[in-house]
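User: I'm new to this structure and would love a close look at one part of it. Could you pick a single spot and walk me outward from there?

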Amino acid sequence: MKNRLPELRKKRKLSQEELAREVGVTRQTITSIETGKYIASLPLAFKIARFFNLSIEDIFQMDEEEE
């Protein structure tokens with residue numbers, strides 16, 4: 001799964017730690033999502049989308065192989 005999290009976070013000048021605090025997870029979770037090692041749960045994806053005022057689809061995209 002691809003995501004725009006690093007791009008969106010940097011636009012807001014947020015560290016991984018700051019974003020993690022805002023959405024209630026650890027910095028390691030944000031790192032893992034950004035690098036594609038972890039796929040955000042649906043509740044977490046909603047929290048992240050709500051934080052950035054975007055839809056989940058605006059942030060997370062399925063890889064073609066995963067469909």
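Analyst: Happy to! Please keep in mind that this is a predicted model. Let's start at Phe 52, which touches Leu 5, Leu 8, Arg 9, Arg 12, Leu 19 and Ile 59, leaving aside residues up to four places away in sequence.

Phe 52 also belongs to the largest nonpolar core, a set of 16 residues. Within this core, Ile 33, Ile 48, Phe 52, Ile 59 and Phe 60 are the ones that touch the most other members. Helix 1, helix 2, helix 3, helix 4 and helix 5 (56–59) each supply at least two residues of the core. Helix 4 gives the largest share, with five residues.

Now let's follow one of the contacts of Phe 52, namely Arg 9. Is Arg 9 buried or exposed? Arg 9 is buried, because its relative accessible area is 9%, below the 20% cut-off. And which residue does Arg 9 pair with in a salt bridge? The partner is Glu 34, and their closest N and O atoms are 2.6 Å apart. Arg 9 lies in helix 1 and Glu 34 in helix 3 (residues 27–35), so this pair ties together parts that are 25 residues apart in sequence. Glu 34 is buried as well, with a relative accessible area of 16%. As general background, side chains of opposite charge can pair when their charged atoms come close.

By the rule used here, there are three salt bridges in the model. Besides the one just described, Glu 7 takes part in a salt bridge with Arg 4, where the closest N and O atoms are 3.0 Å apart. Glu 7 forms another with Lys 11, where that distance is 3.9 Å. Arg 4, Glu 7 and Lys 11 are thereby linked in a network. Glu 7 and Lys 11 are four residues apart in helix 1 (residues 5–11), so about one helical turn separates them. How accessible are the members of this network? Glu 7 is partly exposed at 37% relative accessible area, Arg 4 is partly exposed at 25%, and Lys 11 counts as exposed at 59%.

Back to Glu 34 and its helix. The buried residues of helix 3 are Ile 30, Ile 33 and Glu 34. They cover an arc of only 100° around the axis, so they sit on the same side of helix 3. Among the elements that cover these buried residues are strand 1 (2–3), helix 1, helix 2 (16–23), helix 4 (42–52) and strand 2 (60–61). Just after helix 3 comes Gly 36, which takes a positive phi of about 80°.

Our last stop is helix 2, home of Leu 19, another contact of Phe 52. Which residues of helix 2 are buried? They are Gln 16, Leu 19, Ala 20 and Val 23. Their arc around the axis is only 100°, which means that they lie on the same side of helix 2. Arg 21 and Glu 22, on the other side of helix 2, are exposed. The cover over the buried residues of helix 2 includes helix 1, helix 3 and helix 4. Following helix 2 is Gly 24, with a positive phi near 80°.

How values were computed:
Residues numbered from 1 in each chain as written. Predicted model: local features only at pLDDT ≥ 70, side-chain atom pairs only at ≥ 80, totals over all residues. Heavy atoms only, no water. Salt bridge = Lys/Arg side-chain N within 4 Å of Asp/Glu carboxyl O. Buried < 20%, exposed > 50% of the residue type's maximum accessible area, 1.4 Å probe, protein only. Arc of directions from axis to C-beta. Contact = heavy atoms within 4.5 Å. Core = buried A, V, L, I, M, F, W, Y, C linked by side-chain atoms within 4.5 Å.
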